[in-house]
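Me: I would like to work through a structure by question and answer, with the reasoning set out before each result. Could you take my questions in turn?

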Amino acid sequence: IGLVRLMRDSFRRLRVADGFSHARSLAFVTSLVAIQGLIGIVGLASVLHKGSISNVIVVAVRRIVPGSAGQVLTAAVTQAHRVAARHHYTPLLLGMIGALVTATTAMGQLERGLNRIYGVEQDRRSVKRYALAFFFALSVGTLIAVSFVCLMFGRGLLASTHNDVVTTTWDVVRWPLGLALLAISVTVLFRWAPRRKQPHLSWLAFGAGAAVLLWALATIGLGWFYTSSSSFGSTYGPLAGIVALLVWCLLSSVSLFYGAALAAQLEAVPAVEPVPQDA
């Protein structure tokens, strides 16, 4: 049917399935997971006397969201390091538990959005749904976190290594490695999260690859905008970091659901099923 028509029909499927509303809900929860996860990782690293990890995260955040736009995020990271250094472990433990609960909620929201894109109106029963979401949060969520560490914070992981060959090799390898892990994670979610028997893996992998590509383009585009814009930080002031994170989470969620819509539409074409119609 051609790539242009496939993209157009997939966008229509996403819109009719109310995918943008599901993307906004997923983006909100994802932003909470990102902040809670950063604070938890820094706190755990400080407890283990690995303070260099917090420095790597601070440098990476300032590079991705420079100027005043990253002040809120870096301040949260620094505060988490100080709390752990003072041996106040209870807030950090509650934060880690909260991050896991929020990640489970995100996986549950992802299932609901994928079900609607595939035309499934009924989700799993609540107990089974959130038990599976909890499993995804621990397994696939960890894999996604590793891919983000490779992509976002990978440059500083080997900063203390004095071997130039190892550092240069890692700086090149971390990009395909991180993107590959992210694509595998999305493919697994597309395969097992919806409440239905999924089709050929190749269709799901195509949709996952498209989602990762759109996410990468959105991340690069936002990074370029935040770096080159001199008015963004001054306009939003200390809230610029939160605004930047929310916009990135929204575009990432839309990319994810649009990739799912592509996979669903690929399945619908050989089945001679029409594109979902407007109500």
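What follows is a set of questions and replies on this predicted model.

Me: Which element of the protein chain has the lowest mean pLDDT?
Reply: The protein chain as a whole averages a pLDDT of 82, and 77% of the residues score at least 70. Where pLDDT is low, the predicted coordinates should not be read in detail. Among the elements of the chain, α6 has the highest mean, at 95, while the lowest, at 62, belongs to helix α8 (residues 154-157).

Me: Is Tyr130 buried, partly exposed or exposed?
Reply: Tyr130 is found in helix α6, which spans residues 126-138. Buried would require under 20% relative accessible area and exposed over 50%. The relative accessibility of Tyr130 is 36%, and therefore this residue counts as partly exposed.

Me: With which residues is Tyr130 in contact, leaving aside its neighbours within four places in sequence?
Reply: Tyr130 and Thr104 are 26 residues apart in sequence, yet their C-alpha atoms are 6.8 Å apart in space. Once the neighbours within four places are left aside, the residues in contact with Tyr130 are Thr104, Thr105 and Gly108.

Me: Which of Asp9 and Arg5 is buried, and which is partly exposed?
Reply: The side chains of these two residues meet in a salt bridge, at 3.5 Å from N to O. Asp9 and Arg5 both lie in helix α1 (residues 3-16) and, because they are four residues apart there, about one helical turn separates them. The relative accessible area is 10% for Asp9, so the buried partner is Asp9, whereas Arg5, at 43% relative accessibility, counts as partly exposed.

Me: Where in the chain are Arg124 and Glu111, whose pair links distant parts?
Reply: Arg124 counts as buried at 15% relative accessibility, and Glu111 likewise counts as buried, at 3%. Their side chains meet in a salt bridge of 3.4 Å, N to O. The two are 13 residues apart and link distant parts of the chain, with Arg124 in the loop between α5 (89-117) and α6, and Glu111 in helix α5.

Me: Which residues do salt bridges that share partners join into one network?
Reply: The structure holds six salt bridges, and one of them brings together the side chains of Asp123 and Arg129, at 3.9 Å from N to O. Both Asp123 and Arg129 are buried. Through salt bridges that share partners, these two belong to one network made up of Arg112, Arg116, Asp123 and Arg129.

Me: Which residues do ring pairs link into a cluster?
Reply: The structure holds five aromatic pairs, among them a tilted one between Phe148 and Trp215, with 5.6 Å centre to centre and 50° between the planes. That pair links distant parts of the chain, 67 residues apart, as Phe148 lies in helix α7 (residues 140-152) and Trp215 in helix α10 (residues 201-228). Trp215 and Trp248 form an edge-to-face pair, at 6.3 Å centre to centre and 70° between the planes. The cluster linked by ring pairs is thus Phe148, Trp215 and Trp248.

Me: Is Trp248 buried or exposed?
Reply: Trp248 belongs to helix α12 (residues 240-268) and its partner Trp215 to helix α10, 33 residues apart. Trp215 counts as buried at 8% relative accessibility, while Phe148, at 23%, counts as partly exposed. Trp248 has a relative accessible area of 17%, and so Trp248 is buried.

Note on methods:
Residues numbered from 1 in each chain as written. Predicted model: local features only at pLDDT ≥ 70, side-chain atom pairs only at ≥ 80, totals over all residues. Heavy atoms only, no water. Buried < 20%, exposed > 50% of the residue type's maximum accessible area, 1.4 Å probe, protein only. Contact = heavy atoms within 4.5 Å. pLDDT = per-residue confidence, 0-100. Salt bridge = Lys/Arg side-chain N within 4 Å of Asp/Glu carboxyl O. Phe/Tyr/Trp six-rings, centres within 6.5 Å; stacked < 30°, edge-to-face > 60°.
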